[in-house]
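I opened this notebook to record what I looked up in one structure, entry by entry.

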Amino acid sequence: MKTTFKKIAAAVSALVLAGSLCGCSDNGYIMSVDGMKIRNGVYLSLQRESFDSARAWLDEHESENPDETSSGENSDEEYDLFAETVDGKSFADWVKNDTRKGILRFVGIQRQCEKFNISLSEEELSEINASVQENWDYQDFYVKWIYGYETMGGYYESLGIGIDSLKEIAVVDALNEKLFLHYFGEGGDLAVPDDEVDAYIDENYAGYRMITLSYTDLNGDSLSGDAFNALFDDAEEYAKRLNNGESFANVYYDFDLKANREAARLQAEAAYMEMLKAGLIDDDGLTSDGLNEEQFIQKAVDAATATKRDSDNAFDRVISLEGSGLEEELSDYIFDLPNDKKASVFEGEDAVYVVVKLPMSDIKGWREANLTSMLFALKGDSFDSMMDLICQNYKIEQNDYLVDKKYSPEKTYKSF
């Protein structure tokens, strides 16, 4: 299930370790792997990730069979996780085995980085330490209300997880990325060809620019009649201008200015009525500036402005097949459009949209900024399999009492 070594943020999961762990020290060591000592806190942190993975596996398979849990109970009822099976193993055994796998990977990353002289710079280490410390010191109402502690650090300590363990995990996470790129990045022995990366991007991502014309006004009231029909007329006009070669920045400026003027009109209408109620309008319906209602509103409309962008690229957006944040039909519509940069109009549930589909190669800087993520998506499983083989024969010397008793899955876990 682990496609990459887990990020330090995963340590702040929604799982809760049992109160019996409170007060235990993170200074002790639960085992050594290939001669490397493993802190109790590192083990507990990775065990928490394994709990998350096991629950995710159950949730995924329950969603495929929504009427039943894997134990045959109604999915709406509470059930005992430890009566469940995960990929053919008992819940507890799967968690224990996956935690051990995570520990082997934790050591393997470091051993391989030593082998290839891969390390972090002083600046990188400083940034990691600062990030972990910031998370450790974090405090707000949510932390106190949910966890019962003033800071996240207090919460971690109650679970037997010290800041040094979190720093170790964060360092190894950063080394994991460097090691991966050593193999699969540019110049690596297993470097991924550019055309393979580009094909993956084109299949899974779409670039676009869009103008959204909402079916409601700024007060949240639904448009009707001429105002509603005008949206579609405007959308068609914007699309026509774009397809005639006008810049997106120019068209969007006109759209933005029109919207701001409409907002100014509504605000001025409301302001005039408030002044009327307050007795600030004379008997002739004039303001203190000598303006009647129509003039007062028009002055506000004329004063409205909009910012014009220097480049069309300022409007570039990207969506993914895995999730876009857009309504599903709109997302599907964008993906189905040809990469011809032509504008078209889509009538959605809440708005009408003017959409321009862009080739991903036109989204400046996106490929470079997301290349590592793309490589992990393509070769993460291969990297995991390779690391499993490298780590499988490491000698493990463990404290059986801690592994099998005190820190057993049954002892360290309780659901919400």
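Before sorting residues by class, I noted that Ala, Val, Leu, Ile, Met, Phe, Trp, Tyr, Cys and Pro count as nonpolar, Asp, Glu, Lys and Arg as charged, and the others, Gly among them, as polar. I am working with a predicted model, in which local features need pLDDT of at least 70 and side-chain atom pairs count only at pLDDT 80 or more, while totals for chains, interfaces and linings use all residues. Residues are numbered from 1 along each chain as its sequence is written, and side-chain values use heavy atoms, with hydrogens and water left out.

Entry one, the pocket. I looked up the largest pocket (an open set of points on a 1 Å grid over the protein atoms alone, where a 1.4 Å probe fits, with protein on both sides within 12 Å along at least five of seven lines; lining residues have an atom within 4 Å of a point). Its lining has 11 nonpolar, three polar and six charged residues, and Leu223, Leu231, Lys258, Ala259 and Glu262 lie nearest its centre. Helix H9 gives the most to this lining, with seven residues; a helix here is a DSSP run (H or I) of at least four residues, a strand (E) one of at least two, both numbered from the N terminus.

Entry two, the sheet. I found three strands in an open sheet, in the order S2-S1-S9 with antiparallel pairing, where two strands pair if DSSP finds at least two bridges between them. Strands S2 (36–39) and S9 (396–398) are the edges, each pairing on one side only. Four bridges join S1 (residues 29–33) to S2, and Met31 has Ile38 in S2 as its bridge partner.
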